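Biologist: I would like to learn how to read a structure file feature by feature, with the general idea given before the particular case. Could we go through one together?

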Amino acid sequence: MSFPLKNIQHILMLYKNIKLIPMIGIELEFYLPNKKMKISDNSYANFNIYEIVSEAAFGQFEAKFQHTTNIVSLIKNVQLFKKYFMKVHSANFSAKPLVDKPGSSQHVNISFLKNNINILVKNNKLLCNAIGGLCELIPNSMIYFAPTQSSYMRYIHKCYHTPTTVSWGINNRTTAIRIVKTFNNNMDYRIENRLPGSDASTLSIISAILLAIYHGIEKNLISKKPIYGLGDDPIYNLPTIPMNLTEAKKYSPTLSLLKQYCKTVKD
């Protein structure tokens, strides 16, 4: 299940109407068959990537896309990068290509600008509403974050940092929603959704995340308390995300909310 491209334009217009500009960056993990291969800067210079680094497992890498307000361009760059690296380097963008190795995620980092200032730093209400919307619609968004049955292997055979609960925390990599708080750079303060897999459509996951945040703002949803320990620790008694495709399909998809909110979009 995916979002048509035109829907992201509708969603961005919703934000324009409330005078917020989303700024988004993507961290995309993948495996290469040639584990000793060195990736040159020239191989990714055209995709607005600022670096590719080695990840947790041998042969696993992470491409870090520049944070940008041009969301459509970001989506296209990720799509083109995946297509190019699969063709030229036989890159594997499966969410869990090896059961005994860490899975590959597609983390979405988002902040909001107003007058070129990251207002998440000072607008606690916006942050609370955003987290509230994201957490409420996690079950409805899993169909986009993990679009195939094999996508759920990443959660079933999870590694330490793979989230499996409806949770959020500050600088906590074990929760589904992580607030990245830095002390020396206000522009780096952001919301990170850690649930999507590398096999998911970037268009779909960004659309679902933006729509969930907008839903939180419109409904004035208040987030629950943050988690400081392990996100899947039974002591917190947190709800578990859908752990297979059949379960995910039981929830009304996030896209259905667009029909409700599109009424507020101005031509």
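Modeller: Let us begin with the aromatic rings, keeping in mind that this is a predicted model.

Biologist: How is a pair of aromatic rings described, and how many aromatic pairs does the count come to here?

Modeller: In general, two aromatic rings are described as a pair by how far apart their centres are and by the angle of their planes. In this model the count comes to 14 aromatic pairs. One of them is formed by Phe-65 and Phe-81, whose ring centres are 5.7 Å apart and whose planes stand at 85° to one another, and because an angle over 60 degrees counts as edge-to-face, that is the class of this pair.

Biologist: Which parts of the chain does the pair of Phe-65 and Phe-81 link?

Modeller: The pair links distant parts of the chain, since Phe-65 belongs to strand β3 (residues 60–65) and Phe-81 to helix α2 (residues 71–89), with the two residues 16 apart. Phe-65 is buried, having a relative accessible area of 1%, and Phe-81 is buried too, with a value of 0%.

Biologist: Which residues form one aromatic cluster?

Modeller: The cluster is made up of Phe-30, Phe-47, Phe-61, Phe-65, Phe-81, Tyr-84, Phe-85 and Phe-93, and it therefore takes in both members of the pair we have just discussed.

Biologist: Let us turn to pockets. What is the volume of the largest pocket, and which residues lie nearest its centre?

Modeller: The volume of the largest pocket is about 390 Å³. Its lining consists of 22 residues, and those nearest the centre are Glu-29, Glu-55, His-107, His-161 and Arg-194. The elements that contribute two or more residues to this lining are β1 (21–31), β3 and β8 (190–193), and β3 gives the most, with three residues.

Biologist: How many residues of each class does the lining of the largest pocket have?

Modeller: Sorted by class, the lining of the largest pocket holds eleven charged, six polar and five nonpolar residues.

Biologist: What can be said of the second largest pocket, and which residues are the closest to its centre?

Modeller: The second largest pocket encloses about 290 Å³ of space. It is lined by 16 residues, of which Cys-135, Val-166, Lys-224, Leu-238 and Pro-239 are the closest to its centre. Helix α3 (residues 124–136) supplies the largest share of this lining, three residues, and by class the lining divides into nine nonpolar, four polar and three charged residues.

Biologist: Cys-135 brings me to cysteines. How many disulfides does a search of the whole structure find, and why?

Modeller: As a general idea, a disulfide is a covalent bond that joins the sulfur atoms of two cysteines. The search of the whole structure finds zero disulfides. For Cys-128, the closest cysteine sulfur is that of Cys-135, and because the two sulfurs are 11 Å apart, they are too far from each other for a bond. Seen from Cys-135, the closest cysteine sulfur is likewise that of Cys-128, at 11 Å. Cys-135 counts as buried, at 15% relative accessibility.

Biologist: How many helices and strands does the protein have, and how does its radius of gyration relate to the globule rule?

Modeller: The protein has eight helices and eight strands. Its radius of gyration is 18 Å, close to the 18 Å that the globule rule gives for 267 residues, so the protein is as compact as a globular protein of that length. The C-alpha atoms fill a box of roughly 50 × 45 × 40 Å along the principal axes, and 52% of the 267 residues count as buried.

Biologist: Is Thr-175 buried or exposed, and where does it lie?

Modeller: Thr-175 lies in the loop between β6 (168–170) and β7 (177–180), and it counts as buried, at 0% relative accessibility.

Biologist: Finally, which sign of phi do most residues other than glycine have, and what is the phi of Asn-115 and of Asn-237?

Modeller: Most residues other than glycine have a negative phi. Asn-115, although not a glycine, has a positive phi of about 55°; it is placed in the loop between β4 (106–114) and β5 (117–118) and counts as exposed, at 69% relative accessibility. Asn-237 also has a positive phi of about 55° without being a glycine; this residue is in the loop between α6 (202–218) and α7 (245–248), and it is exposed, with a relative accessible area of 70%.

Conventions:
Residues numbered from 1 in each chain as written. Predicted model: local features only at pLDDT ≥ 70, side-chain atom pairs only at ≥ 80, totals over all residues. Heavy atoms only, no water. Phe/Tyr/Trp six-rings, centres within 6.5 Å; stacked < 30°, edge-to-face > 60°. Helix = DSSP H or I, 4+ residues; strand = E, 2+ residues; numbered from the N terminus. Buried < 20%, exposed > 50% of the residue type's maximum accessible area, 1.4 Å probe, protein only. 1 Å grid on protein atoms, 1.4 Å probe; cavity = no way out; pocket = protein on both sides within 12 Å on 5 of 7 lines; lining within 4 Å. Points joined across faces, edges and corners; volume = space filled by probe spheres on them. Nonpolar A, V, L, I, M, F, W, Y, C, P; charged D, E, K, R; others polar. Disulfide = S-S within 2.5 Å. Rg over C-alpha atoms; globule rule 2.2 N^0.38 Å.
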